[in-house]
Amino acid sequence: MAQYDFLVNGKAVSVALDNEATPLLNVLRNELGLMGTRFGCGLEQCGCCMVLVDGAPVKSCNREISTLNGKTVTTVEGLGTPAHPHPLQQAFIDEQAGQCGYCLAGILISAKALLEQNPSPTRKEIALALDGNICRCGSHNRIMRAVENAAAVMRGVK
Amino acid sequence: MNAPVLPGTLNDNPVLERWVSFPAPGKVTVNTGRVELGQGVLTAMAQVAADELDVAPARITVHSGDTVRAPNEGYTAGSQSIQTGAVALRQACADVRALFLDQAAAIIGCAPSELSIRDGSILRNGASTGQDYWILAGAIDLSANATGTGPRKAVSDFTSIGHDTPRLDLPAKIFGDAAFIHDMKIDGMVHARVVRQPNRGGNIGNIDKAGIKRAAKGPIDFVQTGNFFAIVGKDETAVDLAGAAALDRVTWQNVERPSPQQQEATWLLQRPSVDRVIGPPEPSDPQGRERFERTFTRGFVAHASISPSCGLALYKDGQLTVWTHCQGVFPLRAALARTLKLEPSQIVVNHVQGSGCYGHNGADDAAADAAIIALQMPGTPVRVRWRREEEFVHEPKSPSMVVKVRALIGADGKPADWTAEIWSGNHNGRPGGGNSLLGEEALPGYVALPPANEVPEAAGGGATRNAEPLYDIAHKRIVHHMITEQPVRVSALRGLGATANVFALETCIDELAERAGQDPVAYRLSITSDPRARAVIEKAAAMANWNPKAPGGEGHGRGFGFARYKNKAAYCAVVVDLDVEEDVRLNHVWCATDGGLIVSPDGALNQLEGGIIQAASWVLKEQVRFEHDAPTGPSPYDWETYPVLKFSEVPEIDIVLLNTKDEVPLGIGEVAGGPVAAAIGNAVSHALGARIRDLPLTRERIAATLLAG
C-alpha cells in the first residue's frame, strides 16, 4: 500500500492506496468523498472531471495519483459555499446557467482557470476556454454570460 | 355516477393524498410522477402548488418519481409535464384548498366564500381565524378522490406561476454536492461493470478470467447468468480496469454487427415494413395541378448524454429496491418484474437525477443491470456505471428516416394536396412500449417480445409526428412504413419524428415559396389561418428584421422554419442567420414561441435555448455511423467519433414568448427542434443557392453541393 500526500482545497490529505492505477478522480470521489467532480468519459474529452492542479486546469479522470505528491488540488467544492459563493458560482446562480448541471463543476473550474489568466476575457475567449468542456443540454450562452458577469464582479466593475 | 373527467394525469391518479400532504406544521409535501431531467420541472411544480394552495414556495417540498408515494404519470416525456402533469397537480391543489375552506367554514360557522388563505393561514374577510392547513389537516380525509370542483385561481391572480423562481436543483450542482445518482453511496456497496452482449443472441465463448483479474490490479469477482457477465468489486478503479480489459478477454459467438450501408437512411427503402395510411386516399389524377416531389433523409442520432448511465439496486429479504435516472419508474418496475420474475409489489423504483437524457438513453438498462446483479448477490447494494463507449454503442438511437413529400400545387402556387411518405424505425422502444431491457436479452431463457407499437397518433405519433402540415391545405395524408428490423436498438429522442418531418415539410414550403416568386414568410402567412401560428411567424420575422429582398448566395444566408409541435402543443417560429464556408457557422437564431400559460418564464427560455442548440448540433454534426472501430462494434464510441456543438460554435439566441397568460399550457420542451432544423436548412440553401435535403449538413455534403452547382 502506497501513501500519497497532497493538498485538496487548502487541506492536507494523505491517501493510502493499494491500487497505484487509481486516477485522481476516483480518489476525490471514492476516498475523499468529494462528489462535485464528475465522471463523464474517462477519456479526457468532456471536461466533467476538471480540477486545478497547482492552479492549472487538469482533467482528473486519467491523472495518476502518483503524480500528485506535494501538489495543490482545487475542486469545485474549494471555490465557495452557498453562504460564501465564489463570484463565478454566484453568477451561475444569477443567470440560472445550467440545465441538468452535470457539466457545471468542470466548467466552473475551467472558467476559474481562465479568469486567473485573463481577467477581462471576450466572449470569444470564454468560448475557446470552455471548448474542452461539453454541455449537451445547450446552456452555453447562459454559461458564457455568467462567466462574463463574474469577471466583471472580480474586476470590481459590477 | 360517472367519475368526473379530471385534468391531465389526475384522471389516472385521483386520490388527493397522492399529490398533496401536510406532513408537519408549516410544511407541505407535493408529490409528482414527473422527474427532474434538468428541465426544472420540480421547481415548476412547486410554483403551481404554491399558487393553488396559497402557501409560500419555501414551505413546499417536492417529492418526485418513486413507485411508492408518487402518482403514476407514466413517462416524463413528450413535453407533457406541464401540459398534463402540472394541470393535474393544479386541480388537485385547488380541490384540497376547497376541502380545507369548507371545513374551516363549518367550524367557524360562515360561508366558505368569506374565507381566503394566505400562506397556509385561513382568513375571514382578511382577518385571522386561527385556523390553518396544519391545524385542520387531521380532520380532512385526503384519501378522497379529486372532484375537479375546487375553483382554480384566475391567471391574473397568480403570484408564483408566471414569475421567475430560481431552480431548486441548481445550487447542489453549482456547489458540487452529491446531486446525481452517480454520487450515491450505500454502505457495503460494490461497483460493477457489465461485459456487454454484442447483440441479442450473442453467446459467450471464452472468458479469460485470470487475464481480467490481472488487469484489475485489485480484488474483483465475477457474476454470470446466461450471457450476462459482470465484474464486481469494492474498488471502482479495479472494476473499471477489469471492465476495460474484459473487452478483448471475453469472446462472443453469433455476433452480428451493423454495416456501413445500414447507417444511411436510404437503406430503409429496401426493407420489409408495416404500412398504413393516415388520412384520405391519395388522388391518382392531379386534375391539372402540378406535381411537386422531394425526398429527405436523416441518419441515426444518439442521445449522447454527458454522463454514461448509472443504476443502483439492493435485493434483500425478497424485496428489490432500484435507484435510476430513467424517465418512467412505473414502466421500469413492470419491465424489471418481467425480467427478474418478481411481482411488481416486490420492487420499489426510485428516481434520482442523472445527466440530461433527452429521451430514452441507457438509464433503464443500467438500472436493470444493477438489478440483475443484485439478485445474484442478496444483501449487497450494487452500483453499475456504464463506460462512455458502452453508452454510445448501446444506448437506443433515434431511428434513421426517409421522408418523401408529394404535393399537388394549384394555379395560385399553393399546395392543394399533401402527402408525407415516411420510412422509419420505431420511436417508441421504451420498456413500456414493449421492448426488452438490454440485460434481459442476455439472460437464460430470454424470449423476444413482440415488436413494440409506435406512439399512437392521439399522443402525437412517433415517426409520423408533425408530418402533416398545419398549413391550410385541403387534403393531407401520411403514408407510414414502419421498419421493424433495425441494425441497432431504436427509441425515443426529443421530438421523435418531428425533427425530420418538419425539416422536410418546411424545406418544401420554402421551395414552393421560391417557385411562386414569393417571400418565404409572406408565403407561409398566405396559407396560415390559425391566428396563433400567424402571430409567431410574424413575431419571429419582426425580431430578425426579416427582409424579403435580402440577397442570398455568396455564403451568407437566412432561413425560416415553423411548426406547432404535434400540431397541438406549442407554436414556434425560428429565423436563422448563418455563413457557409467549408462548414456552417451559425450567427444568430431568433425564436418566437407561443406555449400558452408559462409557469416559469426563465425555465421556458432555458428549455428553448437548449432545444435550439441541441437541434443545431443534430443538424450540423450528428449521425451515428457504423464505420468506426470501437472495441465492441462499428459505432461511435467517444466525443471524437460523435462530436457535438461546442461553446465556440453556438449562435446568439433571442427568444420571445407569446400568450404566456393563457389559461392552458402547451408543452414547449421539444418544440424548437423541427423549426430550427428547417431554418438552418433553408438558410444554408439561401447561402449556397442550392438545396441539401439530407441531414446532417456536413462539410462533405456542402462540398458536394457546391461542386454540383
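Student: In this predicted model, is strand β10 of chain B largely enclosed or open?

Tutor: Start with burial. A residue is buried if 20 or more other C-beta atoms lie within 10 Å of its own. In β10(B), residues 228-233, 5 of the 6 residues are buried. So the rest of the structure leaves β10(B) largely enclosed.

Student: Which sense, parallel or antiparallel, do β7(B) and β10(B) run in?

Tutor: Strand β7 of chain B covers residues 190-195. It is joined to β10(B) by 5 bridges. In one place, B:His191 stands opposite B:Gly233. The two strands run antiparallel.

Student: Which residue of β10(B) is the bridge partner of B:Thr225?

Tutor: Look at strand β9 of chain B, residues 221-225. β9(B) pairs with β10(B) over 5 bridges, in the antiparallel sense. The bridge partner of B:Thr225 in β10(B) is B:Phe228.

Student: What phi does B:Gly226 have in the turn between β9(B) and β10(B)?

Tutor: β9(B) and β10(B) form a hairpin. There are 2 residues between the strands. B:Gly226 sits in that turn, with a positive phi of about 60°.

Student: Now the two chains. Which element gives the largest share of the side of chain B that touches chain A?

Tutor: The contact brings together 49 residues of chain B and 46 residues of chain A. On the chain B side, the elements that give two or more residues are α4 (170-174), α6 (236-246) and α13 (601-621). The largest share is 8 residues, and it comes from α13(B).

Student: How many residues on that side of chain B are charged?

Tutor: Sort the side of chain B that touches chain A by class. It has 20 nonpolar residues and 15 polar ones. The charged residues number 14.

Student: How far apart do the C-alpha centres of domain 1 and domain 2 of chain A lie?

Tutor: The domain assignment of chain A gives domain 1 as 2-78 and domain 2 as 87-155. Take the C-alpha centre of each domain of chain A. They lie 21 Å apart.

Student: Which strand gives the largest share of the side of domain 1 of chain A that touches domain 2 of chain A?

Tutor: The contact takes 14 residues from domain 1 of chain A and 14 from domain 2 of chain A. On the domain 1 side, β3 (50-53) and β4 (56-59) of chain A each supply at least two residues. The largest share, 3 residues, comes from β3(A).

Student: And how many residues on that side of domain 1 of chain A are nonpolar?

Tutor: Set two classes aside. On the side of domain 1 of chain A that touches domain 2 of chain A, 4 residues are polar and 1 is charged. The nonpolar residues number 9.

Methods
Residues are numbered from 1 along each chain as its sequence is written. Chains are lettered from A and ligands numbered from 1 in the order in which they are written. This is a predicted model: local features need pLDDT of at least 70, side-chain atom pairs count only at pLDDT 80 or more; totals for chains, interfaces and linings use all residues. Two residues are in contact if their C-beta atoms, placed from the backbone, lie within 7 Å. Helices (H or I, at least four residues) and strands (E, at least two) are DSSP runs, numbered from the N terminus. Ala, Val, Leu, Ile, Met, Phe, Trp, Tyr, Cys and Pro count as nonpolar, Asp, Glu, Lys and Arg as charged, and the others, Gly among them, as polar. A residue is buried if 20 or more other C-beta atoms lie within 10 Å of its own, exposed if 12 or fewer, and partly exposed in between; C-beta atoms are placed from the backbone. Two strands pair if DSSP finds at least two bridges between them. Domain bounds come from an automatic or database domain assignment.
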